[in-house]
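User: I would like to learn how the features of a structural model are read, one at a time. Please give the general idea and then the case at hand.

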Amino acid sequence: MGRTNQTAVTEYVLLGLYEHHNIEMVLFALCLGIYSMNVLGNALLIGLNVLDTRLHSPMYFFLSNLSLMDICGTSSFVPLMLVNFLEAQRTISFPGCALQMYLTLALGSTECLLLAVMAYDRYVAICQPLRYPELMSGQTCMRMAVLSWGTGFANSLLQSILTWSLPFCGHNVINHFFCEILAVLKLACGDISLNALLLMVATTVLSLAPLLLICLSYIFILAAILRVPSAAGRCKAFSTCSAHLTVVVVFYGTISFMYFKPKVKDADLDKIIALFYGVVTPSLNPIIYSLRNAEVKAAAIALLGGDLLSKKMSHFFCCSPTVSGRIG
C-alpha cells in the first residue's frame, strides 16, 4: 500500500476558462475567425508560390514552409479547442493529448530554426549576391528545410518520451486550453527536475541560438545596406527583408512578453496570452508578407484577376506531353 497509485489515465480534462463561459463564447468567435483567416491566408501564400514562377526562389520556398508550419501548428489544437468552448464536457483522449503536445512543441521549435534560415537567405542575397545561386541552390535549401523540421521534431520526440515516462498518479485535469507541455508536467507526481532542465536547455538552444544568428545576419545586412550609395538602392535592398524582419519581431516579441512578463496571480491571463501566441501570431504572417512584399502583392492581384490561373493552364496544355500528343 506504500506504493504511489499510478492509475492509468485514458483521457484528460482541459479546463480552459470553465468558470467564465461568456468569455469563452467571445473567444470562440474570435478564434474561429482568426483561425479561418490563418488557414486561408497561409494556403494562399503556398498556392501563389506554386502557381507564380516569379516566386520560385529560396525566399519564397522557405516562406511556403513557414506557412505550412503555421497551418499545421494551429490545426493541431484550435479545432478541438473550439469544440470544447461549446461543450460542457472538455475531454481529450490520451493519444490525442500526446499527439497535440508533440506537434505544438515540434512546430514551435521548427519555426525558430526556419526564421534563422530565412535570415541567412537574406544575408546571402544582400551581402554576397554574386554567390547567391551557389550558396542557396535548390539542394541546399531543401537540406536546410529538412534539417529545421527534423531538429524540431526530434527535440519534441525526446521531450515527449521523457514527459510521458513520468508517473501521473491518475491526475488528468489540465489547467489550459490544450495539452501544452508545461501544463502536462504540472500533473506529474514524480521528480520533474530532469525534464525541466532538458526543456530549458532545448528552449535556449532552439530559440536563443537562432535569434542570435538572426541578429548577426541583420547586423551584416544593415552594414551592407548603409554602404549602398543611393537612397533608392538602400530602400530596394531593405524592402527585400523588411517582411521577414517584421515576422521575427512579432514572433520573438510575443515569446518575450509571454516568458519575461511579471508574474501574475491570475492563471487565466497566462492562458489567454498563450492563446494569443498560438492563434493570432501565425495568422499575421500572410498579412505582413502581403502588405510589405511587392512580388507577393503582384502575384495575389494576378490570381484575383484570373491572369495567373489562365497562364498556368495555357502552359499546362501547351507543354503537357499527353495533351500535345492528343492534339497531334
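Analyst: The turns below go from confidence and overall make-up to helices, single residues, aromatic rings and charged pairs.

User: How should confidence be read, and which elements have the lowest and the highest mean pLDDT?

Analyst: Where pLDDT is low, the predicted coordinates should not be read in detail. This is a predicted model, and the protein averages a pLDDT of 83, with 86% of the residues scoring at least 70. Among the elements, helix α6 (residues 138-164) has the highest mean pLDDT, 95, and helix α13 (residues 321-327) the lowest, 42. Over residues 322-328 the pLDDT is below 50, and this stretch has five contacts in the model beyond near neighbours in sequence. Residues 1-5 likewise stay under 50, with four contacts beyond four places in sequence.

User: How many helices and strands are there in the protein, and what percentage of its residues count as buried?

Analyst: The protein holds 13 helices and three strands. Of its 328 residues, 43% count as buried. Contacts add a view of how the chain is arranged: among those between residues at least 6 apart in sequence, 77% join residues at least 24 apart.

User: What span should α4 have, judged from its number of residues?

Analyst: The check takes a rise of 1.5 Å a residue, so the 34 residues of α4 should span 50 Å; the end C-alpha atoms are 50 Å apart, which agrees. Helix α8 (residues 193-226) also has 34 residues; its first and last C-alpha atoms are 48 Å apart, close to the 50 Å expected.

User: Which residue caps the N-terminal end of α4?

Analyst: The cap is S93, with a side-chain oxygen 3.1 Å from the backbone nitrogen of G96.

User: Which residues of α8 are buried?

Analyst: The buried residues of α8 include N195, L199, A202, L206 and S207. Further along the helix, P210, I214, S217, Y218 and I221 are among them, as are A224 and I225.

User: Is L105 buried or exposed, and what does L105 touch beyond four places in sequence?

Analyst: L105 is found in helix α4, which covers residues 94-127. Its relative accessible area is 17%, and because buried means under 20%, L105 counts as buried. Not counting residues up to four places away in sequence, L105 touches S156, Q159 and I181. The C-alpha atoms of L105 and G152 are separated by 7.9 Å, although these positions lie 47 residues apart along the chain as a sequence distance.

User: Where is A300 found, and how far is the C-alpha atom of A300 from that of L48?

Analyst: A300 is found in helix α11 (residues 294-305). With a relative accessible area of 19%, A300 is buried. The C-alpha atoms of A300 and L48 are separated by 7.0 Å, whereas the two residues are 252 apart along the chain.

User: How are aromatic rings read, and how many aromatic pairs does the structure hold?

Analyst: A pair of aromatic rings is described by the distance of the centres and the angle of the planes. The structure holds 13 aromatic pairs. One of them joins Y120 and Y123, with 6.2 Å centre to centre and 35 degrees between the planes, and is tilted. Both tyrosines lie in helix α4, three residues apart, about one turn of the helix. Y120 counts as partly exposed, at 26% relative accessibility. Elsewhere, Y12, F94, W164 and F168 form one aromatic cluster.

User: How are salt bridges read, and what is their count here?

Analyst: Side chains of opposite charge can pair when their charged atoms come close. The count comes to four salt bridges. In one of them, R54 meets D52 at 2.7 Å, N to O. The partners differ in burial class: D52 is buried, with a relative accessible area of 3%, whereas R54 is partly exposed at 47%.

User: What are the burial classes of D121 and R122, and of R131 and E134?

Analyst: D121 and R122, whose side chains form a salt bridge at 2.9 Å, N to O, are both buried. The side chains of R131 and E134 meet at 3.6 Å, N to O, in another salt bridge. R131 is partly exposed at 39% relative accessibility, and E134 is exposed, with a relative accessible area of 53%.

Definitions and conventions
Residues are numbered from 1 along each chain as its sequence is written. This is a predicted model: local features need pLDDT of at least 70, side-chain atom pairs count only at pLDDT 80 or more; totals for chains, interfaces and linings use all residues. Side-chain values use heavy atoms; hydrogens and water are left out. Helices (H or I, at least four residues) and strands (E, at least two) are DSSP runs, numbered from the N terminus. Buried means under 20% relative accessible area, exposed over 50%, partly exposed in between (1.4 Å probe, protein chains only). Contact means heavy atoms within 4.5 Å. pLDDT is the predictor's confidence in each residue, from 0 to 100. The expected span of a helix is 1.5 Å times one less than its number of residues. A polar contact is a pair of N or O atoms within 3.5 Å; within protein, one must be able to donate a hydrogen and the other to accept it, and residues adjacent in sequence count only if both atoms are side-chain atoms. Rings of Phe, Tyr and Trp (its six-membered ring) pair if their centres lie within 6.5 Å; planes under 30 degrees apart count as stacked, over 60 as edge-to-face and the rest as tilted.
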